[in-house]
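Reader: I have the sequence and the model in front of me. Please take me through the rings, the sheet and the core.

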Amino acid sequence: MEFRFAEVKDIDSLFELEKKTFISPWTYSQFEYEIKDNSFSKLLLIVNEDELIGYIDYWIIFDQATINKICIKGEYRRRGLAQKLLDICFKEVKENECMVITLEVRTSNEKAIKLYQKNGFDIVLTKPQYYSDGEDAYYMVKGVI
């Protein structure tokens with residue numbers, strides 16, 4: 001397995017995995033923006049023999065970071081791959097001297113919430129009807145320093 005940052009050639013694969021995984025998937029153009037235009041974005045992939053297995057999208061903006069998405073292909077879940085993506089993210093965030101990492105997560109996504117809490121994130125507040133389908137989100141924060 002290889003960990004590498006996304007390139008324009010990866011957009012089709014990202015978009016296909018996104019559509020199969022999320023209730024409210026990002027559009028093709030959102031991935032295109034993250035890779036081509038967003039200078040804050042880090043879109044790290046896990047690839048196995050040219051197959052996209054998962055990714056994490058996070059931003060580093062001055063002294064803070066935001067995790068936007070973590071995605072692992074269904075048949076590769078429960079193998080610690082999301083944790084490996086988080087570990088790489090945390091290392092880079094620390095190297096960039098960020099003070100805090102934030103994220104939003106669906107209140108129904110118990111597995112993700114447990115993963116984030118295991119990694120030091122705390123639920124700070126609930127954002128009502130945050131997602132396009134009306135579901136609430138937890139806003140979670142982790143101090144880095």
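Author: Start with a definition: rings of Phe, Tyr and Trp (its six-membered ring) pair if their centres lie within 6.5 Å; planes under 30 degrees apart count as stacked, over 60 as edge-to-face and the rest as tilted. This is a predicted model, where local features need pLDDT of at least 70, side-chain atom pairs count only at pLDDT 80 or more, and totals for chains, interfaces and linings use all residues. Residues are numbered from 1 along each chain as its sequence is written, and side-chain values use heavy atoms, with hydrogens and water left out.

Reader: Which residues do ring pairs link into a cluster?

Author: The structure holds seven aromatic pairs. Some of these rings join up through ring pairs into a cluster: Trp26, Phe31 and Tyr55.

Reader: What is the angle between the planes of tyrosine 116 and phenylalanine 121?

Author: Tyrosine 116 is buried (under 20% relative accessible area; exposed is over 50%, partly exposed in between; 1.4 Å probe, protein chains only), at 8%. Phenylalanine 121 is buried too, at 1%. Their rings form an edge-to-face pair, 5.7 Å centre to centre, and the angle between the planes is 65 degrees.

Reader: Which element gives the most to the largest nonpolar core?

Author: A nonpolar core is a set of buried Ala, Val, Leu, Ile, Met, Phe, Trp, Tyr and Cys residues joined through side-chain atoms within 4.5 Å. The largest one has 29 residues, and Tyr116 and Phe121 are among those that touch the most other members. Elements supplying at least two residues each include β5 (100-106), α4 (110-118) and α3 (81-95); helices (H or I, at least four residues) and strands (E, at least two) are DSSP runs, numbered from the N terminus. With seven residues, the top contributor is α3.

Reader: Why do β1 and β6 each have one side without a neighbour in the sheet?

Author: Two strands pair if DSSP finds at least two bridges between them. The open sheet has seven strands in the order β1-β2-β3-β4-β5-β7-β6, with mixed pairing. β1 (2-5) and β6 (122-127) stand at its edges, so each has a single partner strand.

Reader: What is the bridge partner of leucine 103 in β7?

Author: β5 and β7 (residues 137-143) run antiparallel, joined by seven bridges. Tyrosine 116 touches both Leu103 and Met140, among others; contact means heavy atoms within 4.5 Å. The bridge partner of leucine 103 is methionine 140.

Terms used
Lists of a residue's contacts leave out its neighbours within four places in sequence.
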